[in-house]
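Biologist: Could you take a close look at one part of this model for me, the pairing between strands in the sheet, and then work outward from there? Keep it chatty, but walk me through what sits around it.

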Amino acid sequence: METPSRRFSLTRLLRENSSLQGLALVSPTAIYLLLFVVLPMVLIAGLSFLTRGSYGNIVYQVNYSNYARLLDPLYLRILVYSLGVGAATTVLTILIGYPLAYFIARAPARQRSLLLFLILLPFWTNFIIRIYAWIMILRTEGFLNTILLNLGVIQVPLNILYTPTAVLIGMVYEFLPFMVLPLYTSLEKIENAQLEAAADLGARPFRAFLRITLPLSVPGMIAGSILVFIPAMGMFVVPDLMGGAKTMLVGNLIRNQFLTARNWPFGAAAAMLLMILTLVFTLYYTRKAGFGEEVLI
Amino acid sequence: MTDFAVELQDVVKRFPTPEGGEVTAVDHVNLQIQHGEFFSLLGPSGCGKTTSLRMIAGFEWPTEGKIVIDGKEMGRTPPYLRPVNMVFQSYALFQHMSVFQNVAFGLEMEKAHKAEISRRVSEALEMVKLTGMDRRKPKQLSGGQQQRVALARALVKRPAVLLLDEPLGALDLKLRKEMQLELKALQDQVGITFVYVTHDQEEALTMSDRIAVMSAGKVLQIGMPVEIYERPNCRFVADFIGETNFLSGTVKALKGEMATVSVPQFKSEIVGMAGKGLSVGQQAAISIRPEKIRISEKEVKDRNCFTARVVDTAYIGSDTRVIVDLGHDNRMNIWEQNTTSATDPSVYYYQQNQRVWVTLIPENTLVLPED
């Protein structure tokens with residue numbers, strides 16, 4: 001005898017099968033990740049093993065020399081330099097961002113959201129325009145030099161623009177909010193009672209900071225470092241515009257290979273190397289500090 | 001050795017309000033806490049007890065008045081230089097440190113030697129029965145265990161005074177009762193002065209040598225638990241500590257320790273123990289505790305004896321709780337202890353609307369000035 005319930009019903013299937021329910025729940029995320037993370041990654045990985053044709057086209061011929069070419073001292077130097085700039089940017093954003101985040105976290109609750117808003121406000125302006133603003137400030141006849149000359153602090157204009165210093169200034173400027181926000185989040189979470197307890201147990205303010213505040217803000221520092229270091233390695237706009245194209249970072253290399261040299265397989269190989277390096281760095285950094293998934297989430 | 005472990009001399013604390021005004025949290029408080037005493041600050045939330053404690057700890061400074069600890073005026077001495085330690089309501093354990101590191105923290109700040117730190121930490125952990133837990137992180141401990149770590153962390157410093165801010169508030173009832181006795185035993189053992197803040201009157205009565213009852217920033221009464229319970233000095237204290245029944249009337253006469261009060265609804269007058277500061281003609285509150293009222297099914301002819309109607313009876317095992325109406329909706333709670341083991345319910349229950357006679361024994365009846 002046929003009953004209506006015997007017929008196929010998706011809702012009934014879902015109701016009875018809990019693993020199917022789980023699958024259904026994660027599927028939007030899974031599809032998203034598949035389309036926008038896994039697929040491009042597989043394409044780039046595949047591309048990095050192909051050959052460039054004479055006209056910048058791609059020849060479907062397996063080729064490992066793209067990676068071998070990256071070991072050329074010329075490219076290794078770019079890589080090391082990028083790591084250096086990334087690390088310097090990270091350290092500088094911590095040094096500048098920490099007091100800022102601390103100040104915001106300790107501000108009266110009503111002022112905090114305003115201060116955070118001010119941190120994010122520059123993002124409302126186009127990035128390129130902000131970089132040009134920096135150029136106006138730093139160039140030889142720029143704002144900074146004019147003021148310093150008029151004040152008599154310097155006699156000869158400072159030559160900052162189109163130097164590595166300018167690149168670093170631009171990078172730190174661009175990435176500072178990415179450090180301040182996670183730092184703020186972890187600093188704001190520290191209960192006042194913890195600091196009171198430290199003071200009560202005999203810790204002077206500075207010792208209390210070193211023993212309580214600093215360790216408790218490490219997760220924020222790690223999250224911020226990841227958010228700063230990884231994009232800093234791949235950044236090419238700042239070195240291009242503020243470094244006067246004299247400074248070459250991995251980001252510039254990749255961009256040039258794809259757009260200028262039209263060597264997509266080599267650019268893909270460089271991109272893969274950058275990704276592997278940052279992944280290794282991130283894993284090492286998080287494991288070493290004793291924070292695992294907690295930070296990456 | 002000075003006279004007092006902690007002294008508050010006419011201490012006032014005002015806080016600015018967000019609206020630009022001022023609120024007085026502590027209002028001319030005077031306290032003298034003896035060495036080795038278990039002293040409780042008891043009152044409803046917002047009465048200023050925690051603010052007082054925080055001023056002793058040094059987290060707040062008095063707007064007016066002086067705080068003297070161990071004979072030294074504290075002035076604006078920061079917390080890290082005061083010979084007191086605090087157990088926080090939230091425990092405020094350092095989450096990134098192990099139990100050992102938490103307890104050792106205060107000793108490290110004193111720059112004690114490693115061997116001494118390790119010895120004293122072990123002692124402190126043993127004292128609070130946490131031996132073997134030293135490598136755990138606070139998150140791996142139960143609420144009761146965390147509480148003990150907080151206690152050990154403060155006691156290991158051997159402070160002149162230990163301040164406790166509702167330390168048992170977060171624990172469940174059973175654990176709280178256990179910890180109350182344990183804390184008291186611990187205090188006897190270490191001999192340190194405890195200043196204990198609580199809103200739980202039973203907790204204060206159980207543990208304290210003396211209690212200061214606070215309300216709206218003022219200390220209303222200071223005394224031993226027995227004094228506070230048996231001889232409250234005002235209506236608020238009588239009401240806040242334990243349960244009581246109130247009747248309002250006018251003082252007719254004062255004679256020795258006794259006061260006669262006429263209650264408008266009753267034809268006769270009520271005689272009770274006169275509280276301090278009573279004068280003839282004044283409005284007074286008559287307070288009588290539910291367990292001190294006699295109830296009889298036969299007519300009694302005595303002074304302070306009234307006829308009443310039973311409104312409700314509740315049997316709760318140890319007691320039978322009776323609500324009677326003395327007329328004009330003047331209700332009274334009466335608790336009768338069940339001293340028999342009879343199984344006949346009628347022994348324990350009164351019938352609804354049953355006529356009974358209640359006696360307010362003058363010695364158990366307090367006449368207090370109306371607030």
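Modeller: Let's start with one rung of the ladder in this predicted model: K13(B) has V26(B) as its bridge partner, and V26(B) sits in β2(B). That pair belongs to the antiparallel match of β1 (residues 4–16) of chain B with β2(B), which runs over 9 bridges. In general, strands of a sheet pair through backbone hydrogen bonds, in either a parallel or an antiparallel way. Zoom out a bit and you get an open sheet of 4 strands in chain B, ordered β2-β1-β4-β5, with antiparallel pairing. Its edges are β2 (22–34) and β5 (72–73) of chain B, each of which pairs on one side only. Packed on that sheet is helix α1 (residues 49–57) of chain B, touching β1, β2 and β4 (64–69) of the chain. The direction of α1(B) makes about 115° with that of β1(B).

Now for what's buried around there. The largest nonpolar core has 107 residues, and the ones touching the most other members are I56(B), A152(B), L163(B), V195(B) and V213(B). Helix α4 (residues 143–155) of chain B is the top contributor to this core, giving 6 residues. V195(B) is a nice one to click on: leaving out residues up to four places away in sequence, V195(B) touches V6(B), I33(B), F39(B), L41(B), L53(B), I56(B), V161(B) and L163(B). Apart from this core there's another one, of 49 residues, including M179(A), V228(A), W264(A) and M272(A).

Further along chain B, there's a closed barrel of 5 strands, running β11-β12-β13-β20-β14 with mixed pairing. From one strand to the next, the twist averages 55°. Within the barrel, β11 (residues 245–255) and β14 (residues 283–288) of chain B run antiparallel and are joined by 6 bridges. If you want a rung to compare with K13(B), try N245(B), which stands opposite I288(B) in β14(B).

One backbone oddity in chain B is worth a look, too. A216(B) isn't a glycine, yet its phi is positive, near 50°. You'll find A216(B) in the loop between β9 (210–215) and β10 (218–223) of chain B. It counts as partly exposed, with 14 other C-beta atoms within 10 Å. Chain A has a case of its own: Y162(A), also not a glycine, has a positive phi of about 65°. Y162(A) lies in the loop between α7 (143–151) and α8 (164–188) of chain A, and is partly exposed, with 19 other C-beta atoms within 10 Å.

As for the rest of chain A, its secondary structure comes to 15 helices and 2 strands. Its radius of gyration is 25 Å, well over the 19 Å that the globule rule gives for 297 residues, so chain A is more spread out than a compact globule. Its C-alpha atoms fill a box of roughly 100 × 70 × 35 Å along the principal axes. Buried residues account for 32% of the 297 in chain A. Of the chain A contacts between residues at least 6 apart in sequence, 68% join residues at least 24 apart.

Finally, where the chains meet, 15 residues of chain A are in contact with 18 of chain B. On the chain A side, α9 (192–200) and α10 (205–216) each supply at least two residues, with α9(A) giving the largest share, 6 residues. By class, that side has 8 nonpolar, 2 polar and 5 charged residues.

Definitions and conventions. Residues numbered from 1 in each chain as written. Chains lettered and ligands numbered in written order. Predicted model: local features only at pLDDT ≥ 70, side-chain atom pairs only at ≥ 80, totals over all residues. Pairing = 2+ DSSP bridges. Contact = placed C-beta atoms within 7 Å. Axes fitted to C-alpha atoms, helices over the stretch in contact; angles between N-to-C directions. Rg over C-alpha atoms; globule rule 2.2 N^0.38 Å. Buried ≥ 20, exposed ≤ 12 C-beta atoms within 10 Å, placed from the backbone. Core = buried A, V, L, I, M, F, W, Y, C linked by C-beta atoms within 7 Å. Nonpolar A, V, L, I, M, F, W, Y, C, P; charged D, E, K, R; others polar.
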